[in-house]
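Dear colleague,

I am passing on the structure below, and I would be glad if you could look it over alongside my notes.

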Amino acid sequence: MYVCSCFGVTEQQVKQHAENGACTPRRIASACKAGTDCGSCVRRIQALLGRGVCPRRELADEGKPVLASLEAPERLDEAA
């Protein structure tokens, strides 16, 4: 099913971009242009992304440092 009719982006494409790390509507837009023309698909993209899709969001929800853990994973091991 199409999410963005302006650029012909499907739900499956949005999900694939999310799996590859595009875990916000802005990053989805950078990956495939969805949401950058009329904007009517942005809410649907947000719904597809949901909670828990983004590894950074999961870390933040757990109270762990977000940026430091992605840049230097060994720091988490040392802190634990």
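The notes that follow deal with three helices and the contacts around them.

This is a predicted model, in which local features need pLDDT of at least 70 and side-chain atom pairs count only at pLDDT 80 or more, while totals for chains, interfaces and linings use all residues. Residues are numbered from 1 along each chain as its sequence is written, and side-chain values use heavy atoms, with hydrogens and water left out.

Helix α3 spans residues 42-49 (helices being DSSP runs of H or I with at least four residues, strands runs of E with at least two, numbered from the N terminus), and I45, L48 and L49 in it are buried (under 20% relative accessible area, with exposed over 50% and partly exposed in between, for a 1.4 Å probe and protein chains only). Seen down the axis of α3, these buried residues fall within an arc of 100° (taken from the directions from the helix axis to the C-beta atoms), so they line one face of the helix. The face turned away from that buried side carries R43 and A47, which are exposed. Among what covers the buried residues are β1 (2-4), α1 (11-19) and α2 (25-32).

In α1 sits E11, which is buried at a relative accessible area of 16%. Leaving aside neighbours within four places in sequence, E11 is in contact (heavy atoms within 4.5 Å) with M1, V3, R44 and L48.

Between α1 and α2, V14, H17 and A18 of the former meet I28, A31 and C32 of the latter.

Best regards
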